[in-house]
Amino acid sequence: MSGRHLHLNVNLLHAGVYPSAWRLPQSRPDAFLDIDHFVRVARIAERGKLDAIFLADTPAITDRIDYRPFNALEPTVVLAAVAAATSHVGLVATASTTYNEPYNLARRFASLDLVSRGRAGWNVVTTADAAAGRNFGFVGASEHGARYARAREFTDLVHALWDSWEDDAFVGDKASGRFVDTAKVRPVDHRGVHYTVAGPLTVPRSAQGRPVTFQAGGSEDGRELAAATADAVFSLAQTREDGAAYARDLRARAARYGRGPDALVVLPGLATVLGSTEAEARRRQDELWDLVPEPYSLARLAGTLRIDPTRLDLDKPLPDPLPLPPDANHTMFLGTLALARRDGLTVRQLLRALGGGVGHRIVVGTPEAVADDIEAWFRAGAADGFNLMPDVLPEGLETFVDAVVPILQRRGLFRRDYAGATLRDHLGLARPASRHAATGHAISA
């Protein structure tokens with residue numbers, strides 16, 4: 001296959017993207033704590049030649065855990081175990097710039113990248129939730145612009161730390177007794193608004209140079225951060241027109257930072273419900289929807305909109321106006337509001353359209369229909385691929401890999417085998433050179 005090709009990740013959301021997925025007979029309620037579950041999903045993704053698995057994360061309990069499983073385990077720990085059980089699939093973990101320190105995060109992800117032989121990715125988030133702030137000694141969440149200013153400095157610093165070793169700094173020459181060429185290990189000597197870090201990092205660069213940087217920028221600040229620093233972007237789009245407009249805007253912004261159109265991979269979220277017939281797929285969706293408790297859906301929607309659930313009347317449209325709160329997740333807030341307003345949905349209809357809290361676009365149908373949808377978005381330039389969210393895991397992913405992937409392969413849209421070993425290889429991204437290779441000063445020998 002030559003030319004542009006499709007990219008597919010899977011968002012490993014415990015039992016599946018539907019809040020009720022854990023209640024189906026084939027699901028295990030305790031899977032969210034079982035490393036074997038994560039390994040099994042990753043191996044299915046690898047069998048399907050998917051680019052990566054992705055783990056979301058929030059450093060607080062922010063969901064209704066009386067109703068559904070949640071992302072409880074620390075993602076880089078999980079992915080280190082998954083790395084040992086797989087050989088090719090990429091491993092992407094979420095970590096917040098708000099509640100981490102750059103040096104520790106850079107070291108943690110560089111270690112995962114080395115352990116996995118160049119398959120690691122970092123999903124950059126800023127974390128707006130006040131519950132997370134209280135776990136780190138803060139009262140409430142910081143202002144949106146301030147979080148992103150901090151995130152920009154944080155991300156640039158992490159990249160500098162990842163580049164603080166030149167590719168050939170490690171020598172390991174037994175005959176000469178030279179272990180590391182210290183002239184090629186450089187401090188970063190960063191003194192910024194938020195951080196002061198000397199460097200260098202304690203570990204060298206990996207097979208892919210440095211971990212792939214993902215970001216989920218939907219707001220103005222988020223898009224600028226993505227355009228400046230990200231290799232790949234997880235986005236939210238409900239229509240092809242919105243998806244194409246987002247991709248054009250992001251690449252135009254990236255060009256202003258001197259980056260080419262191939263420097264960014266845009267991956268909208270896509271929830272899938274598959275059946276051998278459309279009727280079967282609809283029955284499966286109905287079964288999942290009927291098992292979602294109404295209080296859960298209302299609480300999730302109210303949380304996204306940052307309003308009291310009592311303001312939501314099931315048989316009326318959303319309240320109007322609904323101003324954007326300063327502590328909201330801008331991407332989810334604006335996407336949810338746009339869906340409701342565009343289609344004139346009542347709250348009840350909106351909850352179903354969101355899958356009880358999914359938020360991303362849901363495609364329900366046969367493998368052929370889902371493949372048609374994916375191809376249409378891809379050819380329209382609305383997506384370089386998708387961050388897949390199967391309805392139930394691992395079953396929904398297994399069906400996708402066995403039934404949808406072969407269709408995409410026959411159409412020449414998706415790889416039949418991995419062409420390389422690293423996540424950058426899978427995504428078609430160039431291996432970055434160390435920014436400190438030709439400048440700066442070495443550490444003292």
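**Entry 1: H144 and S219**

I looked up H144 first and found it in helix 5 (residues 144-162). Helices here are DSSP runs of H or I with at least four residues, strands are runs of E with at least two, and both are numbered from the N terminus. The model is predicted: local features need pLDDT of at least 70, side-chain atom pairs count only at pLDDT 80 or more, and totals for chains, interfaces and linings use all residues. Residues are numbered from 1 along each chain as its sequence is written, and side-chain values use heavy atoms, with hydrogens and water left out.

Is H144 buried or exposed? H144 has a relative accessible area of 7%, so I noted it as buried. The cut-offs are under 20% relative accessible area for buried, over 50% for exposed, and partly exposed in between, with a 1.4 Å probe and protein chains only.

Next I listed the contacts of H144, skipping its neighbours within four places in sequence. They are S219, D221, P326, A328 and H330. Contact means heavy atoms within 4.5 Å.

I then went to S219. It sits in the loop between strand 9 (212-215) and helix 6 (220-229). S219 is buried too, because its relative accessible area is 6%. Beyond its neighbours within four places in sequence, S219 touches H144, Y148, H330 and T331.

I checked the record as well. UniProt, in an unreviewed entry, lists D57, T94, H144, Y148 and S219 under "binding site". Its positions are given in the numbering used here, feature names are shortened, and annotations may be inferred rather than shown by experiment.

**Entry 2: Helix 9 and helix 10**

I looked at helix 9 (residues 294-305) and helix 10 (residues 330-343). Their axes come within 8 Å and cross at roughly 115 degrees. Axes are lines fitted to C-alpha atoms, for helices over the stretch in contact, and angles run from 0 to 180 degrees between N-to-C directions. The crossing makes helix 9 roughly perpendicular to helix 10. Angles under 35 degrees count as roughly parallel, over 145 as roughly antiparallel, 65 to 115 as roughly perpendicular, and the rest as oblique.

Which residues make the contact? Helix 9 gives L301, T304 and L305, and helix 10 gives M332, F333 and T336. By class, I have four nonpolar, two polar and no charged residues. Ala, Val, Leu, Ile, Met, Phe, Trp, Tyr, Cys and Pro count as nonpolar, Asp, Glu, Lys and Arg as charged, and the others, Gly among them, as polar.

**Entry 3: Helix 1 and helix 13**

I took helix 1 (residues 35-47) and helix 13 (residues 395-410) next. Their axes come within 9 Å and cross at roughly 10 degrees. That makes helix 1 roughly parallel to helix 13. On helix 1, I noted R40, V41, I44, A45 and R47; they meet L397, E398, V401 and D402 in helix 13. This contact divides into five nonpolar, no polar and four charged residues.

**Entry 4: Strand 11**

I found T272 in strand 11 (residues 265-274). T272 is buried, since its relative accessible area is 2%. Apart from neighbours within four places in sequence, T272 is in contact with V363, V370, M389, P390, D391 and F400.

P268 lies in strand 11 as well. I read a relative accessible area of 1%, so P268 is buried. Beyond neighbours within four places in sequence, P268 has contacts that include S235, W377 and F386.

**Entry 5: An exposed loop residue**

I turned to K174, in the loop between strand 5 (170-173) and strand 6 (178-180). K174 is exposed, because its relative accessible area is 83%. The C-alpha atoms of K174 and L334 are 59 Å apart, with the two positions 160 residues apart along the chain.

**Entry 6: Backbone oddities**

Most residues other than glycine have a negative phi, and most peptide bonds are trans. I looked for exceptions.

The peptide bond from G199 to P200 is cis, with omega near 0 degrees. P200 is in the loop between strand 8 (196-197) and strand 9. The bond from L393 to P394 is also cis, with omega near 0 degrees. I placed P394 in the loop between strand 13 (385-390) and helix 13.

H14 is not a glycine, yet its phi is positive, about 40 degrees. H14 is buried, at 5% relative accessibility. R117 also has a positive phi, near 60 degrees. R117 counts as exposed, at 66% relative accessibility.
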